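This report describes one protein chain for a reader who is new to structural analysis. Please keep the sequence and the structure in view while reading.

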Amino acid sequence: MAMYLGKNPIGENNIYEIIPSGYISPGGVYDISQNNIYNISEYASVIVDIPLLEDEFITGTLSNVYSNSVVTKVGAYGFAGFDLTSINLPNVTSIGSYAFAYCDNLSSVTFGSLTSISAYAFYNCSQLTNINFASNFSTVPSSAFIGCGITNISFANCTSIGGYAFSDCRSLITVNFPNVTVIGNYAFSNCRSLTTISFPNVTSVGQYAFSYCTALTSVYFPKASSIGYECFWNCHMLSTVSLPQVQTISTWAFENCYHLISFNLTGVSSVPVLGSTNTFANTPISTYSTSAGQYGSIYVPASLYNDFLAASVWSLFSSRIVSV
């Protein structure tokens, strides 16, 4: 049974007449025809072959959606606003923008063949905690999971994370992106349950990328060459940072990291460019911290110790620089 999931159709057979001028909140499940599959451009939902009896389908709220090999693409806004709890689309290879946006009760999604996701695909799915992807795609686009309820995320083959991709995922605890090289602006901003991060291959971290990650305590970027403007702004609990290959650290990058007591640069081959003294504003590196109970230290290679003491901006933190 081929089923149409999405906008309210004008008629069972008039498929190309149902594309609205704007998005219409879906009203349930509609039978289009027997043994036919349709693709209705960007406003299409998907045609789903659900292996259940015909009399089990009624117009109304859906709780689960399953499809067999019929569906390979979910278009823009395809399931937006649906009252879904779980999705299993094993043969879908691409998901359009806002495809599952505002599915407030969606808690679990499974995609076995996914290769691409568009911006805002799971926007504001606040109950989405379980994500099972085949991890075949290389990019997490802008705002794809913004506001989701996910607690753990792992994409083995991903190489870049777009701006706001996981912003405001307040339940996110652990992330695993072993091959990511670029993290976009605001990518993990306001992820207030994230405690430790390690991105082994990241070379560039964007502006505000981890701002307001208020539970974050430890940061390790073994290959990062640049840290963006206000990247860790208001990470109040951040205490240890290791950047062994960094070349540029932007202004305000660590502002309001009240517990920052260990800043490790021992792997650098030259003195990094430091945006300004405000890079460490309101941290134990710039002032004594009663909450941390000690001054912060900047650990540098012994071979570069004198260069740090003489370098622009760094020289103003001479009392914090420690030769290792």
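The text below moves from the whole chain to its sheets, its core and a few single residues.

**Basis of the report**

The structure is a predicted model, in which local features need a pLDDT of at least 70 and side-chain atom pairs count only at pLDDT 80 or more, while totals for chains, interfaces and linings use all residues. Residues are numbered from 1 along each chain as its sequence is written, and side-chain values use heavy atoms, with hydrogens and water left out.

**The whole chain**

The chain contains one helix and 25 strands. Helices (H or I, at least four residues) and strands (E, at least two) are DSSP runs, numbered from the N terminus. Of the 324 residues in the chain, 48% are buried. Buried means under 20% relative accessible area, exposed over 50%, and partly exposed in between, with a 1.4 Å probe and protein chains only. The accessible surface of the chain comes to about 13100 Å², and 47% of this surface belongs to carbon and sulfur atoms. Such areas come from the Shrake-Rupley method with a 1.4 Å probe; for residues, only the protein chains shown count as cover.

Contact means heavy atoms within 4.5 Å. Among the contacts in the chain with a separation of 6 or more, 29% are between residues 24 or more positions apart.

**Confidence**

The average pLDDT of the chain is 78, and 76% of the residues score at least 70. The pLDDT is the predictor's confidence in each residue, from 0 to 100. Over residues 1-63 the pLDDT is below 50, and this stretch has 132 contacts in the model beyond near neighbours in sequence. Among the elements of the chain, strand S2 (residues 29-33) has the lowest mean pLDDT, 31, and strand S21 (residues 248-249) has the highest, 98.

**Sheets and strand pairs**

Two strands pair if DSSP finds at least two bridges between them. Six strands form an open sheet with parallel pairing, in the order S16-S18-S20-S22-S24-S25. Its edge strands, S16 (196-198) and S25 (321-323), each pair on one side only. From one strand to the next, the twist averages 15°. At one end of this order, S24 and S25 run parallel and are joined by three bridges; the bridge partner of Val 300 in S25 is Ser 323.

Another open sheet has three strands in the order S5-S7-S9, again with parallel pairing. Here the edge strands are S5 (73-74) and S9 (116-117), each of which pairs on one side only. Two bridges join S7 (residues 94-95) to S9, and Ile 95 stands opposite Ile 117 in S9.

Strand S8 (residues 108-111) runs parallel to S10, with four bridges between them. Val 109 has Ile 131 in S10 as its bridge partner. Ile 131 also belongs, with Phe 133, to the covered face of S10 (residues 130-133), whereas Asn 130 and Asn 132 form the uncovered face.

**The nonpolar core**

A nonpolar core is a set of buried Ala, Val, Leu, Ile, Met, Phe, Trp, Tyr and Cys residues joined through side-chain atoms within 4.5 Å. The largest one has 83 residues, and Phe 166, Phe 210 and Phe 232 have the most contacts inside it. The elements that give two or more residues to this core are S8, S10 and S24 (297-300).

Apart from its neighbours within four places in sequence, Phe 232 is in contact with twelve residues' worth of surroundings that include Phe 210, Ser 211 and Leu 238. Ser 211 lies in the loop between S17 (204-205) and S18 (218-220). Ser 211 has contacts beyond its neighbours within four places in sequence, including Phe 188, Glu 230 and Trp 233.

**Buried residues in loops**

The table lists four residues that lie in loops, with their relative accessible areas.

| Residue | Loop | Relative accessible area |
|---|---|---|
| Ser 211 | between S17 and S18 | 4% |
| Asn 256 | between S21 and S22 | 10% |
| Leu 304 | between S24 and H1 | 10% |
| Val 313 | between H1 and S25 | 17% |

Why does Val 313 count as buried? Its relative accessible area is 17%, and the cut-off for buried is under 20%. The phi angle of Val 313 is near 75°, a positive value in a residue other than glycine. Asn 256 also has a positive phi, near 65°.

Leu 304 precedes helix H1 (305-310). Leaving aside neighbours within four places in sequence, Leu 304 is in contact with Val 268, Ser 269, Ser 270 and Val 271. The C-alpha atoms of Leu 304 and Val 324 are separated by 9.7 Å, and these residues are 20 residues apart along the chain.

Key:
Axes fitted to C-alpha atoms, helices over the stretch in contact; angles between N-to-C directions.
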